[in-house]
Amino acid sequence: MSQWLPDDDTLSNFPNLLNESLSRYRRLLTGAGYAFWEWDLAEGGYRVGGGFWRNLGYEDVTGELTSADFIQEYVHPDDFGFVYKALMDQLRDDTPIDIVYRIRAKDGTYRWTQASASSTRDDGGRVTYMTGVNFDLSHLKETEKALRLSESRHERVLAASNDGIWEWSATDANINPRKAGRVGKLHTSHSFWAHLGYTEAEVDALPENERLSIWVSHIHPHDLHTMHISIRKHFATQQPINMEYRMFGEEGQMFWMRTRGHGIFNVHGRLILASGINIDITKIKETEERVRRAKNDAEKANKSKTNFLSSMSHELRTPLNSILGFSSLLSNDTTLNNSQQENADHINNAGKYLLRLINDVLDLAQIEAEKLSLSMEPLQPSSSVKEVFSYCKESAKTNNISLVFEENGLQDIHINVDRIRLRQCLINLVNNAIKYNVVNGEVRVGFFLESNEFVISVTDTGPGVPLEKQSSLFEMFNRLGAERSSVEGSGLGLVLTEQLVLAMKGKIIYDDDVAVGACFKLYFSIFEKSYVHPATIARQRRVEPSAVQLSFTEAKNIFYIEDNVSNIRLLEEWLKPYPQLNLLSKTDPLLGLYDIRSSVPDIVLLDINLPGIGGYEMLDVIKTDSKIKHLPVIALSASAMTNDIENGLKMGFDEYLTKPLEINHLLAAFNRFLGKADTV
């Protein structure tokens, strides 16, 4: 017995089942989103039911749909032809109705619906009833439309990108899984072959089972091995495919290809399907090559510039060693009259100015090449200001300029800087403030705090910098018109100061808010005092010696190898006041090496640029000779670039002193290596 439709006998015996069945079917017809319909061809009646009609807006369906004539009125005009044909085919030869068409809703819009129907016939084969069901397909059609739009969008994107799409499948994976990933078919887009110069017609003519081997035949032979390694790595690790290689086109032209993709592996870990894209990266590779060549050219040019500057520095420092050294000796010669001493002072000052100019140019070159070496440490800047005032006091005295230092209670604050470079910056600023001041003027250095930063200000009482010229303050060789005045300068001081401050993670500004004169401010981050080691503070409080006395009285033999006779003569004159120092020298390095082995002096002074055998080779011989390897060796060189000094110490020199030589530095070195240091 069917629970849905009991037979007649059951209904007769159990009348209540009829009401239950009627209720069940009423719920089914009204609750579901379907349209149920029956066409009585004998009587001409048409009956409908189901919630689908309410979804179309028809509240009283019987009032709207009274006969089969609704078909033409309610079916979309474009769909009526095949709907009518389906009805006729069902009536004529009992062809099942299963069609999709658009039906008009109450508001005039159309909804997609699917209709399925069949017929009941009498003994003569005539259709008596046609019964069917409709259900809403609109949401499926919208999804289908969105899918078509998405596919179309992807097709347009792929066509615009010109990337080659490929898919490789292992045709035998289901038969023999162990062979999966070794053979298979290659399915591609036309653009995949367009990279190689194939037309669409030529691609369509390629045998499907030969496409993979044809494509491989275009790969550069030198890249095949690397490519096979990459593919085997993909098999082993199942990581994404990403490889670059060269290919030859149909006309023999070479270009670069990048292949990216991913695979699907079976339970045995064998590759059964892989898909991805090919991208022509020839232009990218050409751009990379141009960038690489430009980088190499820039590095060569920079190296050439560095070598040129190093060479020029050496060539200029060598004569400056004699100019500054002998002029200093003359200035200290008490047998000269005032005029002669004044002339010697002029020579010495001019030499010092030229040396500062050389040093500034070299510093800027090293900053530009990013080779400036900094020794950053926590510093109390008060000590640097005092050193700067000591250095500049003679210049200030000559111009009757007062030097004023205002610590403002901030003398114990520490900043993280390079002590030598900070002093260099302050010397530049204070010197400028003295030079561009008025007679009987003032230079004031002050400490301040601004927004948790430590500020060092340098202010003068001169004419200041006009507003229209302030934007050019930090331009190289731009002296803002001062080149037409009697004030000496190169136009490098402020530029170098700015670059050094920036290298130390600080900043410099010109403050035009002061009422009189010019004001430059240096800003640095504050270094917490709790992190400063006491030894650092003690070392910074030591003032560099203005004079050095030897800490030993016993005789010491100094051997100097130098090919420049003037430099040997200068050192002889410098050491005359020290009877305990016996200077021996040679201009020929090989003869000098022989004498060193023979006499075994106490210390060796060695020039680096020597004829025949260089200073580094000499050093290597000395340090490997068991008889003399214990001797301290000091380099006296005009090669004064930072990398020259670092390289010299790295190669084994015990000390590296640069020309023009400061005699106090040499005497201090003698104390370190020959006796106990004692400075005053």
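**Two sheets and two nonpolar cores in a predicted model**

In the hairpin made by β3 and β4, five residues sit between the strands, and Gly 108 takes a positive phi near 95°. This is a predicted model, so everything below is read from predicted coordinates. The two strands of that hairpin, β3 (residues 97–104) and β4 (residues 110–121), run antiparallel and are joined by eight bridges. One of the bridge pairs puts Ile 97 together with Ala 117 of β4.

The next hairpin follows on directly from β4. Here β4 pairs with β5 (residues 127–136), again in the antiparallel sense, over nine bridges. Five residues lie between β4 and β5, and Gly 125 in the turn has a positive phi of about 85°. Ala 117 turns up again in this pairing, standing opposite Gly 132 in β5. Another pair from these strands is Thr 120 with its bridge partner in β5, Tyr 129.

Both hairpins belong to an open sheet of five strands, in the order β2-β1-β5-β4-β3 and with antiparallel pairing. Its edge strands are β2 (45–49) and β3, each of which pairs on one side only. Neighbouring strands of this sheet are turned by 25° against each other on average, direction ignored. Helix α6 (residues 80–93) packs on the sheet and touches β3, β4 and β5, with its direction at about 145° to that of β3.

Further along the chain there is another open sheet, also of five strands but with parallel pairing, in the order β20-β19-β21-β22-β23. At its edges stand β20 (581–586) and β23 (655–658); each has a single partner strand, so one side of each is left without a neighbour in the sheet. In this sheet the average turn between neighbouring strands is 20°, direction ignored. Strand β19 (residues 556–561) runs parallel to β20, and six bridges join the two. Phe 559, for one, has Leu 584 of β20 as its bridge partner.

Two helices lie across strands of the parallel sheet. Helix α18 (residues 565–575) crosses β19, β20 and β21 (603–606), running at about 175° to β20. Helix α19 (residues 589–599) lies across β19, β20 and β21 as well, and runs at about 160° to β19.

Now for the inside of the protein. The largest nonpolar core has 43 residues, and those with the most contacts inside it are Leu 422, Leu 426, Val 430, Ile 456, Val 458, Leu 522 and Phe 524. Helix α15 (residues 419–435) gives the most to this core, with eight residues. A second, separate core of 25 residues includes Leu 550, Ile 568, Leu 575 and Leu 667.

Leu 426 is a handy place to look at the contacts around the largest core. Leaving aside neighbours within four places in sequence, Leu 426 is in contact with Ser 384, Val 385, Val 388, Ile 456, Val 458 and Leu 522. Ser 384 itself sits in helix α14 (residues 381–398). Its relative accessibility is 1%, so Ser 384 counts as buried. With residues up to four places away in sequence not counted, Ser 384 touches Leu 379, Arg 419, Leu 422 and Leu 426.

Leu 496, in helix α16 (residues 493–503), is another buried residue, with a relative accessible area of 0%. Beyond the residues up to four places away in sequence, Leu 496 touches Asp 360, Asp 363, Leu 364, Ile 367, Gln 424 and Asn 428. The C-alpha atoms of Leu 496 and Asp 363 are separated by 7.4 Å, although the two residues are 133 apart along the chain.

What about the cysteines? Cys 392 is buried at 1% relative accessibility, and Cys 519 is buried at 2%. Counting a disulfide as a pair of cysteine sulfur atoms within 2.5 Å, the model comes to zero disulfides.

As for the protein overall, the secondary structure comes to 22 helices and 24 strands. Of the 680 residues, 42% count as buried. Among contacts with a separation of 6 or more, 61% are between residues 24 or more positions apart. The accessible surface comes to about 38,000 Å², and 52% of that belongs to carbon and sulfur atoms.

Notes:
Residues numbered from 1 in each chain as written. Predicted model: local features only at pLDDT ≥ 70, side-chain atom pairs only at ≥ 80, totals over all residues. Heavy atoms only, no water. Buried < 20%, exposed > 50% of the residue type's maximum accessible area, 1.4 Å probe, protein only. Pairing = 2+ DSSP bridges. Helix = DSSP H or I, 4+ residues; strand = E, 2+ residues; numbered from the N terminus. Contact = heavy atoms within 4.5 Å. Core = buried A, V, L, I, M, F, W, Y, C linked by side-chain atoms within 4.5 Å. Areas by Shrake-Rupley, 256 points an atom, 1.4 Å probe, with all protein chains shown as cover. Axes fitted to C-alpha atoms, helices over the stretch in contact; angles between N-to-C directions.
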